[in-house]
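Colleague: Could you take a close look at the surroundings of the ligand for me, and then walk outward from there into the rest of the fold? I would love one connected account.

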Amino acid sequence: MVPRSPIGELIVKRFQPWWPETENPTALEIGTGGGCIAISMALNLENLDVEATDISLDAIKVAEENVLLHSVGSRVRFYLADLFPEKKGKYDLIISNPPYVPSAIYNMLPEEYHCEPEGALVSGEDGMDCVRRILERAPDYLTDGGLLFMEVGEIWEVVDKTFSNIDFTWIDLEFGGEGVLLVSREQLI
Ligand SMILES: C[S@@+](CC[C@H](N)C(=O)[O-])C[C@H]1O[C@@H](n2cnc3c(N)ncnc32)[C@H](O)[C@@H]1O
């Protein structure tokens, strides 16, 4: 239940100083895996209602077991979906640590990575298939002023260059890691 993603650091800091916490905030996590980010958000932000998606039924099953283990009850709900839930909702926060490894790099990764499903890591030739689709569709799912936090790791410079029309904030991470972007709905449209 310890997120390996540097997004864990942002959760502990309640997404401060970027996110103006509202009274009944909602969040969507895309690509939840075992649910560590979604559940950690519910544990750290006591009023937050969290929905989370994954394309893997096996992952959703593990995430549902983890919800029971961590007693966050109905505040965290999982959906089998291709990135965004079918039912269009609006969220104050969208969080994602999507797959972003370019396919050619996958075989060169250390052995530990090959213990994970390939679909959790690889996302097309340039690693950006999911990233691209999330950036395109996030505005439809964000409330006015809503924020997207997304980890893109070592491909952050490619993302920054490819979407040079978008003014991303690249977050300084105190506890290590790289390539976590912050962007608002208004900056995406
Ligand atoms: C890098 S893992 C992140 C898992 C977890 N959120 C974490 O940070 O440890 C990426 C996750 O995205 C899921 N995924 C890949 N493609 C997806 C898609 N098109 N729609 C939804 N989830 C997807 C994978 O099944 C995997 O669980």
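**Around the ligand**

Modeller: Happy to! The shell around the ligand has 22 residues, and those that come nearest are Gly 31, Gly 33, Ile 55, Asn 97 and Ala 120. Two elements, α2 (36-44) and β2 (49-54), each give two or more residues to this shell. By character, the shell residues divide into 11 nonpolar, eight polar and three charged. Please keep in mind that this is a predicted model.

Let us follow β2 into the sheet. Five of the six residues of β2 are buried, so this strand is largely enclosed by the rest of the structure. β2 runs parallel to β1, and five bridges join the two. One pair to look up on your screen is Leu 28 with its bridge partner in β2, Glu 51. β1 also runs parallel to β4, with four bridges joining them. Here you can pick out Glu 29, whose bridge partner in β4 is Ile 95. As a reminder, side chains in a regular strand alternate between the two faces of the sheet.

Stepping back, these strands belong to an open sheet of seven strands with mixed pairing, in the order β3-β2-β1-β4-β5-β7-β6. The edges are taken by β3 (76-80) and β6, and each has a single partner strand, so one side of each is left without a neighbour in the sheet.

Next comes a helix that packs against parts of this sheet. The buried residues of α5 are in contact with β1, β4 (91-96) and β5 (142-151), and also with the helices α6 (156-162) and α7 (185-188). The buried residues in question are Cys 130, Val 131, Ile 134, Leu 135, Ala 138 and Tyr 141. Leu 135 deserves a second glance, since α5 bends by about 35° at this residue, and a proline, Pro 139, follows within four residues. As for length, α5 covers residues 129-141; at 1.5 Å a residue its 13 residues should span 18 Å, and the end C-alpha atoms are 19 Å apart, which agrees.

The loop between α1 and β1 has some backbone details that you may want to check. Arg 14 lies in this loop, and its phi is positive, about 55°, although it is not a glycine. Phe 15 is in the loop between α1 and β1 too, with a positive phi of about 60°, and it is not a glycine either. How does the burial of these two compare with the cut-offs? Arg 14 has 14 other C-beta atoms within 10 Å, so it counts as partly exposed, the class between 12 or fewer and 20 or more. Phe 15 has 24 C-beta neighbours inside 10 Å and therefore counts as buried. Further along, a cis peptide bond joins Gln 16 and Pro 17, with omega about 10°. Pro 17 also has its place in the loop between α1 (7-12) and β1 (26-30).

One last stop is a loop by the edge strand β6. Gly 176 lies between β6 (169-170) and β7 (180-184). With 7 other C-beta atoms within 10 Å, Gly 176 is exposed. Gly 176 and Pro 6 are 170 residues apart in sequence, and their C-alpha atoms are 6.9 Å apart in space.

Methods: Residues are numbered from 1 along each chain as its sequence is written. This is a predicted model: local features need pLDDT of at least 70, side-chain atom pairs count only at pLDDT 80 or more; totals for chains, interfaces and linings use all residues. A residue is near a molecule or strand if its C-beta atom, placed from the backbone, lies within 6 Å of it. Ala, Val, Leu, Ile, Met, Phe, Trp, Tyr, Cys and Pro count as nonpolar, Asp, Glu, Lys and Arg as charged, and the others, Gly among them, as polar. The expected span of a helix is 1.5 Å times one less than its number of residues. The bend at a residue is the angle between axes fitted to the seven residues ending there and the seven starting there. Two residues are in contact if their C-beta atoms, placed from the backbone, lie within 7 Å. Two strands pair if DSSP finds at least two bridges between them.
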